[in-house]
Amino acid sequence: QVQLVESGGGSVQAGGSLRLSCLASGSTDRLYRMAWFRQAPGKDREGVATISAIDGRTMYSDSVKGRFSISQPNGKNTIALQMNSLKPEDTALYYCAADTEALTGRTRLDPRRYNVWGLGTQVTVSS
């Protein structure tokens with residue numbers, strides 16, 4: 001099994017930056033893809049960014065493209081989300097997710113493609 005722990009959330013003013021980290025532990029040899037999702041109160045969970053643990057290819061939602069960057073700074077056991085030019089609408093609980101079953105049939109930012117989830121870290125952006 002894989003466990004995920006997020007860190008790095010906090011409060012920032014609009015235009016500021018935050019960096020989130022997610023550490024995977026356990027059976028990390030089964031990591032195929034990792035991603036960041038977010039969920040604001042009363043809204044559906046939204047895919048933000050994803051990265052392949054195999055080849056490092058990335059994908060972003062249109063709402064964050066050009067502002068957020070996902071990476072694997074210390075090998076595939078860790079992913080980071082660098083968030084720049086933050087907006088109040090970025091306020092949400094951010095979750096790290098992993099696919100350890102090579103799930104297919106969904107887009108890479110569909111939450112149903114991921115079977116392991118962290119508990120989340122809060123990001124609050126004030127105007």
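Q: If two strands pair when DSSP finds at least two bridges between them, which residue of strand 3 stands opposite glutamine 3?
A: Strands here are DSSP runs of E of at least two residues, numbered from the N terminus, and serine 25 is the residue of strand 3 that stands opposite glutamine 3. Strand 1 and strand 3 pair in the antiparallel sense, with 6 bridges between them. This is a predicted model, in which local features need pLDDT of at least 70 and side-chain atom pairs count only at pLDDT 80 or more, while totals for chains, interfaces and linings use all residues. Residues are numbered from 1 along each chain as its sequence is written, and side-chain values use heavy atoms, with hydrogens and water left out.

Q: How does one read a sheet from its pairings, and in what order do the 4 strands of the open sheet stand?
A: One follows the partners from strand to strand, and in this model the open sheet has the order 1-3-8-7, with antiparallel pairing. Strand 1 (residues 2-7) and strand 7 (residues 68-71) are the edges; each has a single partner strand, so one side of each is left without a neighbour in the sheet.

Q: Which strands pair with strand 8, and which residues stand opposite leucine 81?
A: Strand 3 pairs with strand 8 in the antiparallel sense over 6 bridges, and strand 7 pairs with strand 8, also antiparallel, over 4 bridges. Leucine 81 of strand 8 stands opposite leucine 20 and is also the bridge partner of isoleucine 70. Strand 7 and strand 8 form a hairpin with 6 residues between the strands, where glycine 75 takes a positive phi near 85°.

Q: Is strand 8 largely enclosed or left open by the rest of the structure?
A: Burial is read from relative accessible area (buried is under 20%, exposed over 50%, partly exposed in between, with a 1.4 Å probe and protein chains only). Of the 6 residues of strand 8, 5 are buried, so this strand is largely enclosed by the rest of the structure.

Q: How many residues of strand 4 are buried, and which strands does strand 4 pair with?
A: Strand 4 (residues 33-39) has 6 of its 7 residues buried, so the rest of the structure largely encloses this strand as well. Strand 5 (residues 46-52) runs antiparallel to strand 4 and is joined to it by 6 bridges, with tryptophan 36 opposite alanine 49. These two strands form a hairpin with 6 residues between them, and glycine 42 in the turn has a positive phi of about 80°. Strand 9 (residues 92-99) also pairs with strand 4, in the antiparallel sense and over 7 bridges; here phenylalanine 37 stands opposite tyrosine 95.

Q: How is a disulfide recognised, and which cysteines form one in this structure?
A: The test is a distance, namely a pair of cysteine sulfur atoms within 2.5 Å. A search of the whole structure finds 1 disulfide, formed by cysteine 22 and cysteine 96 with their sulfur atoms 2.0 Å apart. The angle about the S-S bond is -80°, and the link is left-handed. Cysteine 22 belongs to strand 3 (residues 18-26) and cysteine 96 to strand 9, so the pair ties together parts that are 74 residues apart in sequence. Cysteine 22 is buried at a relative accessible area of 1%, and cysteine 96 is buried at 0%.

Q: What is a nonpolar core, and which residues have the most contacts inside the largest one?
A: In soluble globular proteins, nonpolar side chains tend to be buried together. Such a core is a set of buried Ala, Val, Leu, Ile, Met, Phe, Trp, Tyr and Cys residues joined through side-chain atoms within 4.5 Å. The largest core of this model has 30 residues, and those with the most contacts inside it are Leu4, Met34, Trp36, Leu81, Met83 and Tyr94. At least two residues of this core come from each of strand 1, strand 3, strand 4, strand 5, strand 7, strand 8 (residues 78-83), strand 9 and strand 11 (residues 121-126).

Q: Are serine 61 and threonine 121 buried or exposed, and what does each touch?
A: Serine 61, in the loop between strand 6 (residues 58-60) and strand 7, is buried at a relative accessible area of 10%. Contact means heavy atoms within 4.5 Å; not counting residues up to four places away in sequence, serine 61 touches Glu46, Gly47, Val48 and Leu109. Threonine 121 lies in strand 11 and counts as buried at 12% relative accessibility. With neighbours within four places in sequence left aside, the contacts of threonine 121 include Glu6, Ser7, Leu20, Ala92 and Tyr94.

Technical notes:
Two strands pair if DSSP finds at least two bridges between them.
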